[in-house]
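Reader: I am new to this structure and would be grateful for a guided introduction. Might the terms be explained as they arise?

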Amino acid sequence: LIVAYPTSPVLDHAPDLLFRPKVKLRNTMNSIISRTSRSVLSRAQNLRLNPSKTSSLTTKDLSHSYRTQRNFHESSVIRGTVKVTYIDPLGDEKTVDAEVGKNLLDIAHDNNIELEGACGGELACATCHLIFEQEIFDTLPEKDPEEDDMLDLAMELTDTSRLGCQICVREDMAGMKVRIPDDGY
């Protein structure tokens, strides 16, 4: 594994590495990685707060540095849930806790509900077709032309049909029921 930074010693030795025997190459690589690691470590130590200067820092300074951190996992964000009921083609109902902000296709998959979603939510099929109650349908965001085109391929298309991958759960959808149409199989 070679880690190269714009000012890394790896770049200085790159042509030499091509013509060295494997043993020397391994030793050279270990040496370069070690020097680079020490360099990065010393830079990190220099950036640490000096205890004598911390008394001049305010809460605002510290909160600003905290706010600029980026969360890479959505699981760290706590969202509310609402009850959503899926009705399968046979009429059986399954009520689940749906995370606010998540789309209905992902919620179905998370709860082992048979809603295909062949394209993985990329708006390239109609296998996550759902039929909504009129009251809920009227509150949904307007369909994109791409979604409308995909719905033309759906079985049992109705006036209140939408693709589950395009509908994200909101708090005002608590208690909503969606019907999964019969796909003909």
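Author: Helices (H or I, at least four residues) and strands (E, at least two) are taken as DSSP runs and numbered from the N terminus. The model is predicted, so local features need pLDDT of at least 70 and side-chain atom pairs count only at pLDDT 80 or more, while totals for chains, interfaces and linings use all residues. Residues are numbered from 1 along each chain as its sequence is written, and side-chain values use heavy atoms, with hydrogens and water left out.

Reader: In what order do the elements of the protein chain run from the N terminus on?

Author: The protein chain has six helices and five strands. Read from the N terminus, their order is α-α-α-β-β-α-β-α-α-β-β.

Reader: Where is D138 found, and is this residue buried or exposed?

Author: D138 is found in the loop between α5 and α6. Buried means under 20% relative accessible area, exposed over 50%, and partly exposed in between, with a 1.4 Å probe and protein chains only. The areas come from the Shrake-Rupley method, in which only the protein chains shown count as cover for residues. At 54% relative accessibility, D138 therefore counts as exposed.

Reader: How far apart are the C-alpha atoms of V82 and G175?

Author: V82 is found in strand β1 and is buried, with a relative accessible area of 8%. Although V82 and G175 are 93 residues apart along the chain, their C-alpha atoms are separated by 7.2 Å.

Reader: Which element gives the most to the largest nonpolar core?

Author: A nonpolar core is a set of buried Ala, Val, Leu, Ile, Met, Phe, Trp, Tyr and Cys residues joined through side-chain atoms within 4.5 Å. The largest one has 31 residues, of which Y86, L104, F132, L163 and M176 touch the most other members. At least two residues of this core come from each of β1 (81-87), β2 (93-99), α4, β3, α5 (134-137), α6 (145-151) and β5 (176-179). With four residues, the element that gives the most is α4.

Reader: Which residue forms a salt bridge with R162?

Author: A salt bridge is a side-chain nitrogen of Lys or Arg within 4 Å of a carboxyl oxygen of Asp or Glu, and the structure holds seven. R162 is buried, with a relative accessible area of 3%. Its partner counts as buried too, at 1% relative accessibility. With the closest N and O atoms 2.8 Å apart, the residue that pairs with R162 is E147.

Reader: How many residues apart in sequence are the parts that R179 and E156 tie together?

Author: The side chains of R179 and E156 meet in a salt bridge of 3.4 Å, N to O. R179 lies in strand β5 and E156 in the loop between α6 and β4, so the pair ties together parts whose distance in sequence is 23 residues.

Reader: What value is phi of E156 near?

Author: Most residues other than glycine have a negative phi. E156 has a positive one, near 50°.

Reader: Which residues gather in a patch of negative charge on the surface?

Author: Patches are made of residues with over 30% relative accessible area and no salt bridge, like charges being joined within 9 Å and nonpolar side chains (Val, Leu, Ile, Met, Phe, Trp, Tyr) within 5 Å. Lys and Arg count as positive and Asp and Glu as negative, with His and the chain ends not counted, and the place of a charge is NZ of Lys, CZ of Arg, CG of Asp or CD of Glu. One member, in the loop between α4 (104-110) and β3 (129-132), is exposed at 77%. The patch consists of E114, E116, D182 and D183.

Note on methods:
Accessible areas come from the Shrake-Rupley method with a 1.4 Å probe; for residues, only the protein chains shown count as cover.
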